[in-house]
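Reader: I have a new model open and would like to see how its labels are earned. Could you take me through the reasoning?

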Amino acid sequence: MPVTPVTYHAEHAWTGGTVASGVVIETAGERITAVRTGVAVPPPGAEVLRGLTLPGLANAHSHAFHRALRGIAQRGSGTFWTWRDSMYDVAGRLDPDTYLELARAVYAEMALAGITCVGEFHYLHHAPGGTPYADPNAMGEALIEAAAQAGIRITLLDACYLSSGFGAPPERHQLRFTDGDADAWAVRASALKERGHARIGAAVHSVRAVPAGQIAAVARWAADREAPLHAHLSEQPAENQACLAAHGRTPARLLADHGALGPRTSAVHATHLTGEDIGLLGDSRTTICMCPTTERDLADGIGPASGLARAGSPISLGSDSHAVVDLFEEARAVELDERLRTLRRGHWSAAALLRAATEDGHASLGWPEAGRIEAGAPADLTTVALDSVRTAGPPPSLGAETAVFAATAADVRHVVVGGRPVVRDGVHLLVRDVPGALSRTIARLTRP
């Protein structure tokens, strides 16, 4: 079938690490074929993108079902560990049909926020009690289909989850997470197939949930496929203390000793690290996925993002538990939280934070060709209004600073994924009533 070229004219665009004006973006099929700057008048027939057009944003860490906890988890007080009880309750109510319904709405919310690719850290594999579905990957397939229906790309990071903590058997709520051992996990994960909008990666849920002797098997599975490997790392001091007690090593050292660090690996959170840990992660070029709104919401702490970057680790961003779905908020929080920690400003430029939200996020998810507005890249575009009450005032030349430090998800005007419009004038074109879809599904999952 012949490919119909589409030309976009961006009023302003972030390309090549700077803001250019009058940018013509020519596409054919799912790819950008040419980019020209300084074109003041839109070519005949071009679709006009008013505002600042960015490469599509990459949400490098998501647990879609956690979206049902928004509001609920903000009641009362407690810690990560008390929050986890609420999470288990929602997890126990999902099946493939309800997960498809919820995830479609969550991914549509992401599209409205300018996110064109999500890394879904998936460990909700089996039916309650641990019995596999007739299709052992029914829950993962629901997530892949949900992304397709919402119009975004997905990397399904299938997580190995075997233990409730350093060799202890899974608790009742965790039975549906586990395959029994890493070999059985690998057999099931190997049946997942990539498709145009979906790639498959692996995850070590955490060093507490995968026995040390089985971490290497998960790392080998990913290495054999040149697939991304993700792991929650040192999110809580209690995890570090338990790891030291069990193995005499920090979680970062344990992952390193079992071959689980490297350029295809992303360590999520990396909040409570030693100097040696930072060196291990940086020297191995392991990406760090920061999730500041979740780390704040769960009182986890502030991770050493700038120190990790200086050591050699790329930084990506995730919305994790979806207390907020807003990659602009995640980006500026990396800088603003660091200011609170150090009492000093200026750790991160807007350009560096946009790279984390785009190019480095996509690379973390196994889409290294994405996250840039240039010929050959996927035609994934996000346009941010520069005339809202939040963004009006600064000159377009400061569009990157305006987007990172002032814009919110509500300022996303247009989204294109693979050359296809998904959001136009702030309206999702595939899921027409996203708030309604979220409300209906979450009400069914959380009613007493």
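Reader: Happy to start with contacts: among those between residues at least 6 apart in sequence, what share join residues at least 24 apart in the protein chain?

Author: Glad you asked! This is a predicted model. Of the contacts in the protein chain between residues at least 6 apart in sequence, 75% join residues at least 24 apart.

Reader: And what makes the protein chain as compact as a globular protein of its length?

Author: First, the makeup: the protein chain has 15 helices and 16 strands. Its radius of gyration is 21 Å, and the globule rule gives 22 Å for 448 residues; the two values are close, so the chain is as compact as a globular protein of that length. The C-alpha trace spans about 65 × 50 × 45 Å along its principal axes, and buried residues account for 58% of the 448 residues.

Reader: Why is the pair of Y123 and F177 called edge-to-face?

Author: Let's set the values against the rule. Rings pair if their centres lie within 6.5 Å, and planes over 60 degrees apart count as edge-to-face. For Y123 and F177 the centres are 4.8 Å apart and the planes make an angle of 80°, so both conditions are met and the label is edge-to-face.

Reader: How do you know that this pair links distant parts of the chain?

Author: By where the two residues sit. Y123 is in the loop between β6 (115-122) and α3 (138-150), while F177 is in the loop between β7 (153-160) and α4 (182-190), and 54 residues separate them.

Reader: Are Y123 and F177 buried or exposed?

Author: Buried means under 20% relative accessible area. Y123 has 4% relative accessibility, so Y123 counts as buried. F177, with a relative accessible area of 0%, is buried too.

Reader: Which residues do ring pairs link into a cluster?

Author: The cluster is made of F65, Y88, Y99, Y123, Y161 and F177. The count of aromatic pairs comes to 7.

Reader: Let's move to helix α8. Which of its residues are buried, and what do they pack against?

Author: Helix α8 covers residues 275-283, and its buried residues are D277, I278, L280, L281 and G282. These pack against the strands β9 (229-233), β10 (265-269) and β11 (287-290), along with the helices α7 (251-257) and α10 (305-311).

Reader: And which residue with a positive phi follows α8?

Author: That is R285, with phi near 60°.

Conventions
Residues numbered from 1 in each chain as written. Predicted model: local features only at pLDDT ≥ 70, side-chain atom pairs only at ≥ 80, totals over all residues. Heavy atoms only, no water. Helix = DSSP H or I, 4+ residues; strand = E, 2+ residues; numbered from the N terminus. Rg over C-alpha atoms; globule rule 2.2 N^0.38 Å. Buried < 20%, exposed > 50% of the residue type's maximum accessible area, 1.4 Å probe, protein only. Contact = heavy atoms within 4.5 Å. Phe/Tyr/Trp six-rings, centres within 6.5 Å; stacked < 30°, edge-to-face > 60°.
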